[in-house]
Amino acid sequence: MSVQWDQGPPDPAGRRRADGGGVRTEPPEEAPGRFPLPRTGGRAEARRAAQGRTGQTLAAQTRVAQGRMAPTRTAQTRAAQTRTSQTHAAPTRTAQTRAGRREAARCGRRGARRLIAWSLAGMLVALAGAGAAVYYRLNGNLRSFDPDAIAPDRPPEPSADAHGHRPVNVLLIGSDSRAGGNGDLGGGHESGARSDTTILLHVHADHRHAVGVSIPRDALVTVPRCKLPNGTWTREQPGQMFNSAFSVGNSESGNPACTQNTVEKLTGIRIDHTIEVNFAGFAAMTGAVGGVDVCLPNAVHEGNINPNLGRKGKVVLTKGRQRVSGQRALDYVRLRHGIGDDSDVGRMKRQQAFLASLLARIKSRGLNPGTLLPLADAATSSMTVDPGLDSAAKLVDFALTLRDIDLHEVKFLTTPWRYNGARIDLVHPAVDTLWRTLQADRTIDGQDATGHQPDAADTPPAPSPAAPPSPPSPPSSSTAPTAPRTPPPPPLGADGAPIRVTVQNGTGTPGLAARAADTLRAARVTVAGTATARGTARAATTTVEYGAGQRSNAQKVAALFPGAAVAPGPGAGISLRLGLDYATGAASGGPAPAAAAPSGVPAPLPAEVVGQARSADDDICSNVSYG
């Protein structure tokens, strides 16, 4: 910006004008700080004057041109474009708005999908963490007994069929230990532990059939050698109450391994798993499934639950159908007095009914981890298992193998029995037939449940055991001799090798050992000697005991004596110990058992045993008492 000075006379307002100009300048006094006025005259002033006149002329020409000149085409074009843009501005903005909304919607959907994906991932992580926490807690709860406490000489594992199917035998023990909180639930605080109920559950190889066999706790059996808490082993004890096996060692936690050893010796069946649950665990299990439906023929009072109460007391369990859990469920399964003949046999019937109802309850809720984990969580804090089930994963996996079992094909029964004063004897040979039926993996009504049913065309018809061998065709000549031919008995040893057996008379009845020896020799079995067994005066069942690697030969020997049991023994060979069942047959004057090759199919169970069995889908009000 140039600064100009003017020395003309001031106007009335105190301003000066340049000659011919119109450029106003501030007087020096009104603009303090301005530069001092230059000298007048000279070339510089002439140039400034000329420049001023030229600027005035150009400004005037510009004003004239602006006033007279019409709008140019460029201006018109620009104006038209402006009007057009204004005309189409609204639709363009609308399209842009719609596009923006669509983009926003797409972004929203993508965001929602991402949110759902992350939410699901978070839920899966949470569930996995919760599942891991549950498994960790279950593993911490589970207790397993010492694997070295299992008898070394055990029945062999059953062979698998062509599809790899095997039966599974599970020993279920309900203990009445009063340790911890069990004293409040069970009443009283007696020391030690006893088995309140024991059931051998046989799951057939097809995993669609199962049978639970109750073993009376008062039944007289032989308790084999068992390991004590201090690491030593007891001696074999014949003629003992069955539930005494659980008490060997007199510990508060009981001895489930000894009970397993006793069942294996009694039945000749290998136990795959053992599960023991006490009062607290049982009560918690019933609560985890929301209660179990039961039924009673009459009301039960406090005096029935606790006979020492001295009075009838109030009603604890009402007559008829009801759903019980916790303490009331425990009262139901332990109830012995006030129903039927007050016997343990009636109580076993109610326990079977309860287990059938419990299984139906679990099946109705679904055999899945969602049902089984809470159930296992409730039970494991009071559960002892064998080493094969010592983790939550193993326990749940085993339970899931039962999902395909049909309730109607789950049977419960009690071993054939009879009273012997205040105790119970197992009835032979019916109970032995029951064990053989399970060994052969056949149902109690004689069906093959091995999981592999051979085609009829591939199965040769079994010869009738009563049919005599067909005689040879006679010669064509009518005068030819027709002497009868009696084929020799087949050899019993493997590859024709002889079998050596020692015969022991365990009954006190003279002459039985010699009689049995004759039967063995007729079957081409070598009799190594005869003797009177010591400490077996109460032996009720004829038993074939065998050493290592001799089980197959022992089973062939047992086939010569109907009703004989097979069990591992302390010796290396085979020993036949005669029981009262053999003495009874000899006293009746009946013929000695005929030597015959054993059949792979056991004899049918007596009709009275099959008729008393309960299916898991039977009416819960039926068959719940005895006497």
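This passage describes the sheets, helix packing, disulfide linkage and backbone geometry of a predicted model.

Eight strands are arranged in an open sheet of mixed pairing, in the order β3-β14-β9-β4-β5-β6-β15-β23. The edges of this eight-stranded sheet are formed by β3 (143–144) and β23 (614–615), each of which pairs on one side only. Within the sheet, strand β5 (residues 195–203) is joined to strand β6 (residues 210–214) by five bridges in the antiparallel sense, and L200 is placed opposite V213 of β6. Helix α4 packs on the sheet through contacts with β4 (168–175), β5, β9 (273–277) and β14 (383–385). The direction of α4 makes about 130 degrees with that of β4. The loop between β5 and β6 contains H207, a residue other than glycine whose phi is nevertheless positive, near 55 degrees.

Helix α4 is also involved in a covalent link. In general terms, a disulfide is a covalent bond between the sulfur atoms of two cysteines. Two disulfides are found in a search of the whole structure. One disulfide connects C226 with C258, at an S to S distance of 2.1 Å. Because C226 is located in the loop between β7 (220–223) and β8 (237–241), whereas C258 belongs to helix α4 (residues 256–267), the pair ties together parts that are 32 residues apart in sequence. The torsion about the S-S bond of C226 and C258 is about 75 degrees, and the disulfide is therefore right-handed.

An open sheet of five strands follows the order β19-β18-β22-β20-β21, again with mixed pairing. Its edge positions are occupied by β19 (526–532) and β21 (565–568); each has a single partner strand, so one side of each is left without a neighbour in the sheet. From one strand to the next, the twist of this five-stranded sheet averages 25 degrees. Strand β18 (residues 500–505) runs parallel to β19, and six bridges connect the two. In this pairing, R500 has T526 of β19 as its bridge partner. Helix α13 (residues 551–558) lies across four strands, namely β18, β20 (543–546), β21 and β22 (574–578). The angle between α13 and β20 is about 165 degrees.

A separate element is the hairpin formed by β16 and β17, with two residues between the strands. Strand β16 (residues 417–420) and strand β17 (residues 423–426) run antiparallel and are joined by four bridges. W417 is found opposite L426 of β17, while G421 in the turn adopts a positive phi of about 65 degrees.

Helix packing was examined for two pairs that share helix α9. Two packed helices are described by the angle between their axes and the distance between the axes. For helix α9 (residues 369–380) and helix α10 (residues 392–400), the packing angle is about 130 degrees and the axes are 10 Å apart. The helices α9 and α10 are therefore oblique to each other, and their crossing is right-handed. On the α9 side, P369, L372, L373, A376 and T380 meet L395, V396, A399 and L400 of α10. Classified by residue type, this contact of α9 with α10 comprises eight nonpolar residues, one polar residue and no charged residues.

The second pair consists of helix α5 (residues 279–288) and α9, which pack at about 160 degrees with axes 7 Å apart. This angle is over 145 degrees, and α5 and α9 are therefore roughly antiparallel to each other. The crossing of α5 and α9 is likewise right-handed. In α5, the residues G281, A284, M285 and A288 meet P374, L375, A378 and A379 of α9. The contact of α5 with α9 includes seven nonpolar residues and one polar residue, with no charged residues.

Further backbone features are located in loops. Most residues other than glycine have a negative phi, and most peptide bonds are trans. D342 is not a glycine, yet its phi is positive at about 60 degrees; this residue is situated in the loop between α7 (326–334) and α8 (344–365). The peptide bond from H428 to P429 is cis, with an omega near 5 degrees. P429 is part of the loop between β17 and α11 (430–439).

Note on methods:
Residues numbered from 1 in each chain as written. Predicted model: local features only at pLDDT ≥ 70, side-chain atom pairs only at ≥ 80, totals over all residues. Heavy atoms only, no water. Pairing = 2+ DSSP bridges. Axes fitted to C-alpha atoms, helices over the stretch in contact; angles between N-to-C directions. Contact = heavy atoms within 4.5 Å. Parallel < 35°, antiparallel > 145°, perpendicular 65-115°, else oblique. Left-handed = near helix turned anticlockwise from the far one by under 90°. Nonpolar A, V, L, I, M, F, W, Y, C, P; charged D, E, K, R; others polar. Disulfide = S-S within 2.5 Å.
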